[in-house]
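Colleague: Could you take me through this model step by step, and tell me how each term is justified?

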There are 2 protein chains.
Amino acid sequence: MEAHFYEVNVNWKENRRGTMNSPELNTTIEVATPPQFPKGEAGVWSPEHLFTAAVSSCLMTTFLAIAENSKLEFTSFDVKSKGKLEVAEGKYLMTEVILEPVLTIAHGKDTERAGRILQKSEAACLISNSIKSKITMIPTVLVAHEKSLA
Amino acid sequence: MEAHFYEVNVNWKENRRGTMNSPELNTTIEVATPPQFPKGEAGVWSPEHLFTAAVSSCLMTTFLAIAENSKLEFTSFDVKSKGKLEVAEGKYLMTEVILEPVLTIAHGKDTERAGRILQKSEAACLISNSIKSKITMIPTVLVAHEKSLA
């Protein structure tokens, strides 16, 4: 693959808030300083949330590709994630991202393989590989309720 | 400041697409694999766009804080940004983020100081400091049209 560029435009509106859009995308998102900083605004996506979302959504897209290649049958995939902001060496940094994926597979026999596919997805995630933060993953694999025999 | 956690939940919906939300935020965003990958979807925010947006929106929020502390008067602030995806050492990585802020200041006398404030904002951006990608900033400082004398 050739190098590819992803474009995002940010436009300041008022106070600590702006909008983000892209010639490539259909949706505009509001963004603001989060309430942990002076004049921050609650309820609006912040750079810290976007950073965390980039990591956890990359786990999803990487998992979807690897699961398909591996012919893993699953019925749901969700990720709870938390990005940790703290002061380290005198600077604010996102020092850790904690990922808690919950995968529901179709067949109990795939449980171990599903765990390995989640580990492989985390290791291959291109956003995780582009950041300095520690990545901690706590995976859960469930088995979909199999129909009882009649 | 104590450490703070930013929560994001990702829920897979279908194909290569899911939704992202947070107990802390008012808006749900769709996210998908971008069209540069197999079965990717055009027009939907991708992990690569979110990564780029985290960096460029952080430049905005950092600039807003430093400009206020510096009592810099300005009338607009926008950032065009591009995140570069490429294969490096056999892996996909976001290797560079190019930031093109355009700042319009109220008074021509502040032009040099405004340039320094932009440089300081880039250096202090907590997302830039949390990633491995090279950051390239190409700043533009404009002066708002000053009223001509009557």
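**Strands and a helix**

Modeller: This is a predicted model, and I would begin where the two chains meet: β4(A) is joined by 8 bridges to strand β1 (residues 4–14) of chain B, and the two run antiparallel.

Colleague: What makes β4(A) and β1(B) a pair of strands?

Modeller: Two strands pair if there are at least two bridges between them; β4(A) and β1(B) have 8 bridges, so they are called a pair. Within this pairing, A:K82 has B:E7 in β1(B) as its bridge partner.

Colleague: Which element gives the most to the side of chain A that touches chain B?

Modeller: The contact takes 65 residues from chain A and 65 residues from chain B, and on the side of chain A the most come from α1(A), with 15 residues. The residues of that side divide into 32 nonpolar, 22 polar and 11 charged.

Colleague: How do you know that the span of helix α2 of chain B is close to the expected one?

Modeller: Helix α2 (residues 111–124) of chain B has 14 residues, and from its first C-alpha to its last it reaches 20 Å, which is close to the 20 Å expected at 1.5 Å a residue.

Colleague: Why are the buried residues of α2(B) said to be on the same side?

Modeller: The buried residues are B:A114, B:I117, B:L118, B:S121 and B:E122. Because they cover an arc of only 135° around the axis, they lie on the same side of α2(B), whereas B:E112, B:R116 and B:Q119, on the other side, are exposed. The buried residues of α2(B) pack against α1, β5, β6 and β7 of chain B.

Conventions: Residues are numbered from 1 along each chain as its sequence is written. Chains are lettered from A and ligands numbered from 1 in the order in which they are written. This is a predicted model: local features need pLDDT of at least 70, side-chain atom pairs count only at pLDDT 80 or more; totals for chains, interfaces and linings use all residues. Two residues are in contact if their C-beta atoms, placed from the backbone, lie within 7 Å. Helices (H or I, at least four residues) and strands (E, at least two) are DSSP runs, numbered from the N terminus. Ala, Val, Leu, Ile, Met, Phe, Trp, Tyr, Cys and Pro count as nonpolar, Asp, Glu, Lys and Arg as charged, and the others, Gly among them, as polar. The expected span of a helix is 1.5 Å times one less than its number of residues. A residue is buried if 20 or more other C-beta atoms lie within 10 Å of its own, exposed if 12 or fewer, and partly exposed in between; C-beta atoms are placed from the backbone. The arc is that of the directions from the helix axis to the C-beta atoms.
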